[in-house]
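Reader: I would like to learn how to read strands, disulfides and contacts from a set of coordinates. Could you take me through them one by one?

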Amino acid sequence: MQRFKRAGSAMTASALLTLAVCGLPASGEATAVSAQGPATPSIGLAAASARTEGSAPGRCRTEALSAHLGRQDPGAGNVYAPLVLTNTSAQTCWVYGFVGLVMFDGNGDAMRTRVRRENVRPQRVVLKPNASAHARLHWVMVQTGAEKQCPASARLMIIPPDEVAHLEIPFSARPCDSGRIDIRPLAPGARP
C-alpha cells in the first residue's frame, strides 16, 4: 500500500481517505484515527466534542436550517423574491454560495427548472441561532420563443450549499423561459 509522508510520520492512502470521510484534517486530530481499519463513529463524535467554545463554527447542515419564500415583488412581467434560510439549531454555523432548486407541480412531478447563477461574488455568511440568510430569486412571467403557457409550480425543493439533503416549501409561481430562475448567492439577513 502506498504511504504518504507528513510532518515526520507516514500515513497510508486508506488512512488519508478515512480522514477525508470523517472530515478530519491530516494533522492534529489525525493521530486519533487508526491506519489499520475504518474509523468508528465515536472518532467523529470525539473530534466534534473536542471543539471549544472559541473554535470556529462549522458549515450549516440541512437539518439545522428552515426555509421560506419572502414577499414576491412582481412588476412588468418580472418577479423578485427572497428565499430565506434560517439557522434553527442551537449552534452558530455558516453558509456560502448558491442553493440548488427544483420545482414540482401539483401532482408532485418534477418540473423543468433552469437555475441561472447571477455574476455576484459569494461571501461566507455566519448564522447565529435564529439568524437568517437570503438568496434573491428572479423569474419572468412572459412567454418566450414558442412558449404558449408557463407551467404552474406548487412546491420548491431547496438544496443548501454543499449539501445533498433538501428542504421543501410551497411555491406558487409560473416561471417562463423553460422554468428559468435567476439566483444570487446567499447574503446576510432575511431581505435584500
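Author: Gladly, and keep in mind that this is a predicted model. Let us begin with a sheet. Strands of a sheet pair through backbone hydrogen bonds, either parallel or antiparallel. Here, three strands make an open sheet in the order β3-β7-β10, and the pairing is mixed. Its edge strands are β3 and β10 (124–127), each of which pairs on one side only.

Reader: In which direction do β3 and β7 run, parallel or antiparallel, and how many bridges join them?

Author: They run parallel, joined by two bridges. For a residue to look at, take R59, which stands opposite W94 in β7.

Reader: What about β4: which strand is joined to it, and by how many bridges?

Author: That strand is β6 (residues 78–87), which runs antiparallel to β4 and is joined to it by five bridges. A67 has L85 as its bridge partner in β6. You can also read the two faces of β4: L65, A67 and L69 lie on the covered face, while S66 and H68 lie on the uncovered one.

Reader: Now the disulfides. How many does a search of the whole structure find?

Author: Two. The general idea is to look for cysteine sulfur atoms within 2.5 Å of each other. One such pair is C60 and C93, with an S to S distance of 2.0 Å. This disulfide links distant parts of the chain, 33 residues apart: C60 is in the loop between β3 (58–59) and β4 (65–69), and C93 is in strand β7 (residues 93–96).

Reader: Why is the disulfide of C60 and C93 called right-handed?

Author: Look at the torsion about the S-S bond: it is about 90 degrees, so the disulfide of C60 and C93 is right-handed.

Reader: Are its two cysteines buried or exposed?

Author: Buried means under 20% relative accessible area. C60 has 2% relative accessibility, so it counts as buried. C93 has 5%, so it counts as buried too.

Reader: Where does the other disulfide sit, the one of C150 and C176?

Author: Start with the distance: the sulfur atoms of C150 and C176 are 1.7 Å apart. The pair links distant parts of the chain, with C150 in the loop between β11 (132–140) and β12 (153–159) and C176 in helix α3 (residues 176–179), 26 residues apart. The link of C150 and C176 is right-handed, with 105 degrees about the S-S bond. C150 is buried at a relative accessible area of 4%, and C176 counts as buried at 1% relative accessibility. Counting bonded cysteines along the chain, the disulfides follow the pattern 1-2, 3-4.

Reader: How do I read contacts? Which residues does E163 touch, for example?

Author: Set aside the neighbours within four places in sequence, and E163 is in contact with R59, C60, R61 and T62. E163 lies in the loop between β12 and β13 (167–173). The side chains of E163 and R61 make a polar contact at 2.9 Å. E163 has 10% relative accessibility, so it counts as buried.

Reader: And what does M157 touch?

Author: M157, in strand β12, touches G100, L101, V102, F104, H166, L167 and E168, again not counting residues up to four places away in sequence. M157 has 15% relative accessibility, so it counts as buried. For a C-alpha distance, try M157 and V99: they are 58 residues apart along the chain, and their C-alpha atoms are separated by 9.9 Å.

Technical notes
Residues numbered from 1 in each chain as written. Predicted model: local features only at pLDDT ≥ 70, side-chain atom pairs only at ≥ 80, totals over all residues. Heavy atoms only, no water. Helix = DSSP H or I, 4+ residues; strand = E, 2+ residues; numbered from the N terminus. Buried < 20%, exposed > 50% of the residue type's maximum accessible area, 1.4 Å probe, protein only. Pairing = 2+ DSSP bridges. Contact = heavy atoms within 4.5 Å. Polar contact = N/O pair within 3.5 Å; in protein donor to acceptor, adjacent residues only side chain to side chain.
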